[in-house]
Amino acid sequence: MKDLDLNPWLIRMSQGDEEAFQVVYEATREHAYRLIGYLAPSRKDIADIMSEVYFELYKSVGRYDPELQFNSWFNGLIIRQVRNWKRKEWRLFRITEKLKLSTAKSSDTAAELRLTALDDQLELLPVLQTLSLKLKEVIVLRYYQDCSLEEIAVLLKIPLGTVKSRHHHALKQLRQRFDELGLRKEGDGFVY
């Protein structure tokens with residue numbers, strides 16, 4: 001990390017100063033990228049874990065004790081986020097395997113429906129990654145976090161009309177991409 005006293009910037013950042021966040025990000029991003037690169041399960045996960053790290057930094061900067069070395073505290077935050085990422089991947093893998101086993105052993109239609117829904121989610125994730133961040137935020141909050149459009153407007157601090165517009169454009173782009181890939185399944189749980 002750059003030899004810059006980040007404590008004043010961290011204080012400003014904890015008060016919601018976006019410029020301070022930008023300064024902290026610029027001072028720490030190369031260090032974070034390298035450390036995540038060493039720890040990440042896959043190179044393709046680095047960017048996503050970086051996002052998680054800086055999201056968590058923004059949320060938890062108010063709990064940072066200026067008496068501690070920022071470098072150590074930040075490294076701990078990075079390590080926790082990498083572990084959380086690995087845990088999420090492992091959990092998803094185990095759920096998929098359990099569902100496959102339970103479906104193979106019985107003709108439980110509920111288990112089959114859960115497996116189909118999970119498969120649909122796994123198909124959607126790579127296509128979702130092709131959306132811009134603004135559109136992806138709305139889709140993830142709406143369909144993965146079950147937020148209402150009004151809640152999304154409050155969370156993102158944007159007008160409700162903007163949320164509706166982004167929602168519409170995101171669904172339109174997802175439909176187009178699914179059509180291009182031949183993955184569109186009418187009536188099978190996809191939102192149209």
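Here are some short exercises with worked solutions on the predicted model shown above.

**Exercise 1. The overall fold**

Task: Find which secondary structure elements the protein chain has, and in what order they run from the N terminus.

Solution:
- Start with the count: the protein chain holds eight helices and zero strands.
- Then read along from the N terminus, where the order is α-α-α-α-α-α-α-α.

**Exercise 2. Burial, surface and contacts**

Task: Work out what share of the residues in the protein chain is buried, and what share of the exposed area carbon and sulfur atoms supply.

Solution:
- Begin with burial: of the 192 residues in the protein chain, 32% are buried.
- Move to the surface: the protein chain exposes about 12,400 Å², and 54% of that comes from carbon and sulfur atoms.
- Add the contacts: taking those in the protein chain with a separation of 6 or more, 51% join residues 24 or more positions apart.

**Exercise 3. Aromatic rings around F74**

Task: Search the whole structure for aromatic pairs and say how many there are. Then classify the pair of Y54 and F74 and the pair of F70 and F74.

Solution:
- The search of the whole structure gives eight aromatic pairs.
- One of these is Y54 with F74, with ring centres 5.9 Å apart and planes at 50°. Stacked pairs need planes under 30 degrees apart and edge-to-face pairs over 60, so this pair of Y54 and F74 is tilted.
- Next, place the two residues: Y54 belongs to helix 3 (residues 46-60) and F74 to helix 4 (residues 70-105). They are 20 residues apart, and the pair links distant parts of the chain.
- Check the accessibility: Y54 has a relative accessible area of 6% and F74 has 0%. Buried means under 20%, so Y54 is buried and F74 is buried too.
- Now turn to F70 and F74, whose centres are 5.4 Å apart with 15° between the planes, a stacked pair.
- F70 and F74 both sit in helix 4, four residues apart, about one turn of the helix. Both F70 and F74 are buried.
- Finally, widen the view: one aromatic cluster is formed by F21, Y25, Y54, Y58, Y64, F70, W73 and F74.

**Exercise 4. Helix 6 against helix 8**

Task: Describe how helix 6 packs with helix 8, and state which residues make the contact.

Solution:
- Two numbers are needed, because two packed helices are described by the angle between their axes and the distance between the axes.
- For helix 6 (residues 133-144) and helix 8 (residues 160-181), the angle is about 95° and the axes are 9 Å apart.
- Angles of 65 to 115 degrees count as roughly perpendicular, so helix 6 is roughly perpendicular to helix 8.
- On the helix 6 side, the contact is made by K134, L135, V138, I139, R142 and Y143. Helix 8 brings V163, R166, H167, H169, A170, L171, Q173 and L174.
- Sort the residues of this contact of helix 6 with helix 8 by type: eight are nonpolar, three polar and three charged.
- A further C-alpha distance involves A170: S132 is 38 residues away from A170 along the chain, with 8.7 Å between their C-alpha atoms. S132 lies in the loop between helix 5 (109-128) and helix 6, and it is partly exposed at 38% relative accessibility.

**Exercise 5. An unusual backbone angle**

Task: Explain why the phi of K157 deserves a second look, and decide whether K157 is buried or exposed.

Solution:
- Recall the background: most residues other than glycine have a negative phi.
- K157 is not a glycine, yet its phi is positive, about 60°.
- K157 is placed in the loop between helix 7 (149-156) and helix 8.
- With a relative accessibility of 75%, K157 is exposed.

**Exercise 6. Two charged residues in helices**

Task: Compile the location, the accessibility and the contacts beyond four places in sequence for R12 and E56.

Solution:
- R12 is part of helix 1 (residues 7-14) and, at 32% relative accessibility, is partly exposed.
- Setting aside neighbours within four places in sequence, R12 contacts D17, E19 and A20. R12 and G62, 50 residues apart in sequence, are 9.9 Å apart from C-alpha to C-alpha.
- E56 lies in helix 3 and is buried at 18% relative accessibility.
- With residues up to four places away left out, E56 touches R63, L77 and Q81. The C-alpha atoms of E56 and I78 are separated by 9.1 Å, and these residues are 22 apart along the chain.

Key. Residues numbered from 1 in each chain as written. Predicted model: local features only at pLDDT ≥ 70, side-chain atom pairs only at ≥ 80, totals over all residues. Heavy atoms only, no water. Buried < 20%, exposed > 50% of the residue type's maximum accessible area, 1.4 Å probe, protein only. Contact = heavy atoms within 4.5 Å. Areas by Shrake-Rupley, 256 points an atom, 1.4 Å probe, with all protein chains shown as cover. Phe/Tyr/Trp six-rings, centres within 6.5 Å; stacked < 30°, edge-to-face > 60°. Axes fitted to C-alpha atoms, helices over the stretch in contact; angles between N-to-C directions. Parallel < 35°, antiparallel > 145°, perpendicular 65-115°, else oblique. Nonpolar A, V, L, I, M, F, W, Y, C, P; charged D, E, K, R; others polar.
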